[in-house]
Amino acid sequence: MGLNHRAGAGAPAGMFHPSTFTLDNGMQVVAIENHRAPVVSHWVWYRVGTADSPPGKSGLPHFLEHLMFKGTEAIAPGEFSKIVARHGGNDNAMTSSDFTAYFQNIAKDRLAMVMEMEADRMANLRLDPAHVLAERDVILEERSSRVDNQPGAMLHEQLDAAQFLNHPYRLPIIGWYHEIASYTREDALAFYDLWYAPNNAILVVAGDITLDELRPLAERTYGRVAPRPTPERQRLVEPPQLAERRIELAHERVEQPSLVRSYLAPSHATAANGRAHALEVLAELFGGGGTSRLYRAIVVDQALASGIGAYYRGTSLDQTAFRIYGSPRGEVDLDRLEQALDAEIGKLVADGVNEAEVERVKSRLIAESVYARDSLTTAVRVFGSALTTGSTIEDVEGWPASIAAVTKGQVEEAARELFDRGRSVTGRLTPARNGSRPAPDAAAADASTG
Amino acid sequence: MPAAALAATTAPGSAFGTSVERVLTPAGLEAWLVNAPSVPLLTVACSFRGGAAADPAGSEGLSRMVAGLLDEGAGELDSLAFRTELEDLAIRLHFSAERDALAGRLMTLNENRDRAFELLRMALAEPRFDAEPVERIRQQITSDLQRRRTDPNTVSGRVWFAHAFDGHAYGRPAQGTTEAIRGIEVADLEAYVEKRLARDNLVIGVAGDITAEELAPLLDRAFAHLPARADLPPLLPATPVTGATLVTPMTIPQSVVTFGLPGIARDDADYYAAYVANYIIGGGGFASRLLEEVREKRGLAYSVYSQLVNAELAPLWLGGVATRNDQVAQSIDVIRGELRRMAEGDIGETDLANARTYLTGSFPLRFTSNESVARMLVGMQVAELGIDYLERRNAFIEAVSLTDVARASARLFAAEPLFSVVGDPLGLDDATRLSPLVAANGNGGKG
């Protein structure tokens, strides 16, 4: 059961030529044809994620994601994945801040079966208390693997919490340890009843299938699930950031220091006038790969860093972050690296960008988007994450054209608005001597007070 | 409700129709091709036998450093010019060092494929190894090695290999050591290219929108210049040590465990039976016994798994689990108990039938991207499976009987695994405790 973090490079989309319709109960259906092998990738996306956790229950949507494998009246606990496997399929699920998604990759002639099973657990989940408790322990172990064993992940978690004072993007997708430990069966079922309904879900199927073939199957399975009113996703609003924030995690298991600078940024859903597309071009131009401005200046020319890069992902229902990551080279001090970074940002904002580098980056982004078609699941993930974060099919299909339309002036304007230290968080990961920080199992101790 | 889901299973999917062509070039090179015209691009996977295991003692990480530098400038193009051209043409060229091979991968859109193959030729024939990229890549590798010294997953695996293969090439860190990387000179890199990238240790797989006639001259352009024979050191087979539990102390809330045993070779008559046995014990995700017993029933771990590793010099069966420190002893007990059940032949017809339908039914899922197909074509040639393997493969699985699985399980799981635990585990009183520093330096086997 994966977690889909907000940070990270998004795959470019476009040219998938999907077809779509909406069932009478409000569930949107999207089909993307790919006839390369007699298989399909079948996904259901719910418009709910960790940012919709009830107060004090951070990560509850991820817990529910795990519990969705614990059975219905028709399917015994733990049998869901085994049935899929017996039919030659793989299945799993993932949770992000904004969505929860379930999938099976399977032979085309088994599609009707998995649709029936997925539609069944949309409405008929049954939870045995013993299974709920064992799964809570599994999630605590998952949290240890993903976060508490990894200082870099601990810094990332603290960075999100510092970036968002009020908006629930401050919450770890997996949840805080002590809040995970407090989940009950009733919490999970109440959340399920509130959010899981066909009108709050999107079906996306890619593979050896046409919409005409998919339609009757969808009507016969998901189409029979009754719609129910689900809440509007009204998250707490982030107040204006008035002060720069800085955090430092000194940890005895850090051997290589690193730096991250995070700026609040609009997403595709919140931005106007193509600003998100301009930010995508900016991220690539400034910190995307081995010929970007940052890499050339700081890694190659000044030899101050072993690596540096920028990430912006605009598929987010509310405002997101534009982030720059770097690690110093050899004994170079973090302050020195940070000064060099600020100098490059200053140069970009003061002198702007040149027409040629903007055109170069745009052509590359558009050409690279063809690679997204060499995969069964990339298109599904692009549509699923877009449609659950306020974008439309037309937005995705129009992405190459939108990138092509970005001007030098828009990139410069986006940079000027973005790079305000007063709206940033700087995170530093540094080595510590033994005993200079709380023991790493402090999280476990917190649980007893939660 | 889902009646179909509960019905007895038959083999899913229709007959699988991907055909593999043998491409012979005018210069005498061979490549295997799957023509897939649906998207106007292609992927080339190539593999030079050798890899980290063939790096000389004292030069651990040499293959990795070469891999990192082949796309950092070649011919008349310095690093920046080379990388700029790759990016401007959306050509993806990447090399990586594996335990048994140096692997290359080229992906290009059709419109740029002539230039893509020319850049591949330059990378293999005329890498520049200029001072700036050499020092930059050297520093990136040492920085990564330094960072991983305290990564429990890395340390757990490294200690396992160091102890299991003490004195053998597999016991040396495949990712390199800081000292060795610091000592590598440009002459070593040049000698590597001259001696270890040759035609007799090369296999090539191609998938995408290209015909055999179009591909042949491009292959000659990229590879025909290579010397006929590679100069590789003798690569001697080995058998991993079994039956010990090693603990590397680290202050973390969750212990990370690597465990393993000798595997069964790819060309062994029991290979497919072993493949089925591994699916049943730990290869089958939620359908596997380890996940059922460790995670589903007891909530001891998020992840527990096993796999057969077709390492050329020592076939392996390897697994992993991560469990809270106070429960790691219990997890290991559960794992040992499940392996014993397998060794004793406690395997039913249903286990076999479920494994069979999954392993045969899921095979077509591997044919959904050029990259996956090209890699598979390389693997088929390395293991000498024959060009018609894709058509025959499911029959090998279907032919495995319960007796075969029991026999393979008895062979695989007769010995006690070697467990490498990193963390602060309670219990495990009979374990050998290594010193943290020794383990982090990759010499855990001497502890």
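The points below comment on the predicted model, chain by chain and then residue by residue.

1. **Overall form of chain A.** In this predicted model, chain A is built from 17 helices and 12 strands. Its radius of gyration is 23 Å, close to the 22 Å that the globule rule gives for 450 residues, so chain A is as compact as a globular protein of that length. Taken along the principal axes, the C-alpha atoms of chain A fill a box of roughly 60 × 55 × 40 Å.

2. **Burial and contact range in chain A.** Of the 450 residues in chain A, 56% are buried. Among the contacts of chain A with a separation of 6 or more, 82% come from residues that lie 24 or more positions apart.

3. **A hairpin in chain A.** Strand β5 (residues 90-95) of chain A runs antiparallel to strand β6 (residues 100-107) of chain A, and 6 bridges join the two. The connection from β5(A) to β6(A) is a hairpin through 4 residues, and within this pair A:Met94 stands opposite A:Ala101 in β6(A).

4. **The interface between the chains.** On the chain B side 62 residues are in contact with chain A, and they meet 63 residues of chain A. The element that gives the most to this side of chain B is helix α5 (residues 131-148), with 7 residues. By residue class, the side of chain B that touches chain A divides into 25 nonpolar, 25 polar and 12 charged residues.

5. **A helix crossing in chain B.** Two packed helices are described by the angle between their axes and the distance between the axes. For helix α2 (residues 62-69) and helix α8 (residues 186-196) of chain B, the axes come within 10 Å and cross at roughly 85°, which means that α2(B) is roughly perpendicular to α8(B). The contact is made by B:Leu62, B:Met65, B:Val66 and B:Leu69 on the α2(B) side, and by B:Asp188, B:Leu189, B:Tyr192 and B:Val193 on the α8(B) side. These residues divide into 7 nonpolar, no polar and 1 charged.

6. **The sheet of chain B.** Chain B contains an open sheet of 6 strands in the order β9-β10-β8-β11-β7-β12, with mixed pairing. At its edges stand β9 (301-309) and β12 (432-433) of chain B, and each has a single partner strand, so one side of each is left without a neighbour in the sheet. Inside the order, strand β8 (residues 254-262) and strand β11 (residues 418-423) of chain B run antiparallel and are joined by 5 bridges, with B:Phe419 in β11(B) as the bridge partner of B:Phe259. Helix α6 (residues 152-164) of chain B packs on the sheet and touches β7 (244-249), β8 and β11 of chain B, while its direction makes about 145° with that of β11(B).

7. **B:Ser255 as a point of reference.** Is B:Ser255, a residue of strand β8 of chain B, buried or exposed? It counts as buried, because 31 C-beta neighbours lie inside 10 Å and the cut-off for burial is 20 or more. Leaving aside residues up to four places away in sequence, B:Ser255 touches B:Ala322, B:Thr323, B:Asn325, B:Val328, B:Val421, B:Val422, B:Gly423 and B:Pro425. With respect to B:Val66, which takes part in the helix contact of point 5, B:Ser255 is 189 residues apart in sequence and 34 Å apart in space, C-alpha to C-alpha.

How values were computed. Residues are numbered from 1 along each chain as its sequence is written. Chains are lettered from A and ligands numbered from 1 in the order in which they are written. This is a predicted model: local features need pLDDT of at least 70, side-chain atom pairs count only at pLDDT 80 or more; totals for chains, interfaces and linings use all residues. Two residues are in contact if their C-beta atoms, placed from the backbone, lie within 7 Å. Ala, Val, Leu, Ile, Met, Phe, Trp, Tyr, Cys and Pro count as nonpolar, Asp, Glu, Lys and Arg as charged, and the others, Gly among them, as polar. Axes are lines fitted to C-alpha atoms, for helices over the stretch in contact, and angles run from 0 to 180 degrees between N-to-C directions. Angles under 35 degrees count as roughly parallel, over 145 as roughly antiparallel, 65 to 115 as roughly perpendicular and the rest as oblique. Two strands pair if DSSP finds at least two bridges between them. The radius of gyration is taken over C-alpha atoms; the globule rule is 2.2 Å times the number of residues to the power 0.38. A residue is buried if 20 or more other C-beta atoms lie within 10 Å of its own, exposed if 12 or fewer, and partly exposed in between; C-beta atoms are placed from the backbone.
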